[in-house]
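Biologist: Can you walk me through this one? I'd like to start with a couple of residues, then go to the pockets.

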Amino acid sequence: MRYVIGFIFLVHGLIHIMGFMKAFSLGDISQLSQTISKPLGILWLLTAILLLVSCCLFLLGKTYWPIVAILGVLLSQLLIMLVWKDARFGTVVNLLLIVICIPAYGKFRFDKMVRSETSTLFQGSPVNHDYILREQNIEHLPPIVQQWMQYSGVVGRKPVRWIRLKQNGTLRRESGGKWIPFRATQYFDAVVPGFVWSAEAHALPFIDMTARDKLYEGKGEMLIKLASIIPIVDEKDNKKIDSGTALRYLAEVCWFPSAALNPTIRWEQIEDNSVKAYFTQNDQEVFGIFKFSPTGKIISFEALRYYGAGKNAALETWLIEILDFRSFNGFILPNRCQVTWQLDDRDFTWLQFEVTDLDYDIPESF
C-alpha cells in the first residue's frame, strides 16, 4: 500500500507538468484544450513540485510529509477548477489523496504534542549519579519490599530518574470483543512523579486509533482519537482522571524500583507477602495493594480505580497481573502483564502487553 500511495503522488505530480508545458508552448499538449497563461503555468509547475516532493517525503518516512502534500493537493484542485472541462477527473485523485493526508496530518500533530510533553517532563535536573543505593537505605521499608528491591537488583546500583520504554500488545473495548494490536512508548520521571504514554492501535481496516495518557504535576489527562483527528475520549481537569493516572504511576513503579524511596510513596505491610502502597501528590492520595512471591517477585497490583469516562465513571477493582520477567540493564523487571477490570457481573481482561525495550537516564524521545 505504501508504494501504491507513493505511485499515485508521483503520477499526479508528473501530470501537472503538462499545464506548465501548455502555458510555455513546450510541446503539443492536446489533452488540455483550454488556454493557460504563463503565470498559471508557473503554478502548475509549483504544484507538480509539491506533489513530487510529497512523494519523496512519504516514501522516506518523513513525518511532516502531509503538510507539503495538503498544500499540493489544494493548489492542484484550484488549478483543476480553472480548467474543469479538461482536468475534472483529477478531482477524484485529489479527494483520495486528501483522505490519506488528513489522518496523516493528525498523526503528525499528535506526535508533535507527545514530543513536546515528553520534553517538558524531562526538564528537571538529572539524578545525582554519585549516590549508590545501599541496604541501610531501604531497611525502614517493609521486609517484602526490601526483598523486592534486592531481587530486582537495585541495591548496589545508582538510583534512576528518567525511564523510557516500549510496549507491544493487544487490547479490546468490551468483553468478548476483538483483540486489537497496539504499540506504545512511555516516559517517566521517578523523582518528580510523572509520565507520558502514547500508543497507536489498528482499530479498523485502514484506520488507526491514537491514545495518550499523561500525569504531570499531579494532573492527569487521557486522550483517544480515531484516525488521529476525531476525539473519542478527552478527559482532564477532574479528580477522577487525576486519581486514575496517579494509580497507574504507582503500579508502574515496578519498572523503576528505586522510586520506592521517593517521599511521595508510603508503604504499609498488611500480610507477609502483601503491602499497601500510598502515593500522595498535590494533596491527593491514592493507594493500591502489591502482592509478592516469597522471594520478592511482584505478582500483582490491585486498586479501586474509576472505570468508564465522564460523570458515569465508577470505582471498580483494577488488577494488573505479572506474567513474566526479563533482565533490562541488569535489573530483573516485569516484562509481560495483563490488566483486568473485576466488575460486579464479570471479569473483563482488556489489555495484554509486553515491554520490549527499557532504558534508564536517557532523557530524550525514542
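**Residues and pockets**

Modeller: Thr-91 is found in helix α5, residues 90-121. Bear in mind that this is a predicted model.

Biologist: Is Thr-91 buried or exposed?

Modeller: Buried. Its relative accessible area is 16%, and the cut-off for buried is under 20%.

Biologist: What does Thr-91 touch, leaving out residues up to four places away in sequence?

Modeller: Gln-77, Ile-80 and Trp-84.

Biologist: Switching to Ile-5. Where is it found?

Modeller: Ile-5 is in helix α1, residues 2-23. Ile-5 counts as buried, at 11% relative accessibility. Beyond four places in sequence, Ile-5 touches Phe-58 and Ile-100.

Biologist: And how far apart are the C-alpha atoms of Ile-5 and Leu-97?

Modeller: 8.3 Å, with their positions 92 residues apart along the chain.

Biologist: Pockets now. What volume does the largest pocket have?

Modeller: About 1500 Å³. It is lined by 42 residues, and the closest to its centre are Lys-107, Asp-111, Arg-183, Glu-200 and Asp-208.

Biologist: Which element gives the most to that lining?

Modeller: α5, with 12 residues. Elements supplying at least two residues each include α1, β1 (162-171) and β2 (180-189). By class, the lining has 21 nonpolar, 12 polar and 9 charged residues.

Biologist: What about the second largest pocket?

Modeller: Its volume is about 1200 Å³. Of its 48 lining residues, Asp-213, Met-222, Ile-224, Trp-341 and Trp-350 are the closest to the centre. Strand β10, residues 298-307, gives the most to this lining, with 6 residues.

Biologist: How does that lining split by class?

Modeller: 32 nonpolar, 7 polar and 9 charged.

Note on methods:
Residues numbered from 1 in each chain as written. Predicted model: local features only at pLDDT ≥ 70, side-chain atom pairs only at ≥ 80, totals over all residues. Heavy atoms only, no water. Helix = DSSP H or I, 4+ residues; strand = E, 2+ residues; numbered from the N terminus. Buried < 20%, exposed > 50% of the residue type's maximum accessible area, 1.4 Å probe, protein only. Contact = heavy atoms within 4.5 Å. 1 Å grid on protein atoms, 1.4 Å probe; cavity = no way out; pocket = protein on both sides within 12 Å on 5 of 7 lines; lining within 4 Å. Points joined across faces, edges and corners; volume = space filled by probe spheres on them. Nonpolar A, V, L, I, M, F, W, Y, C, P; charged D, E, K, R; others polar.
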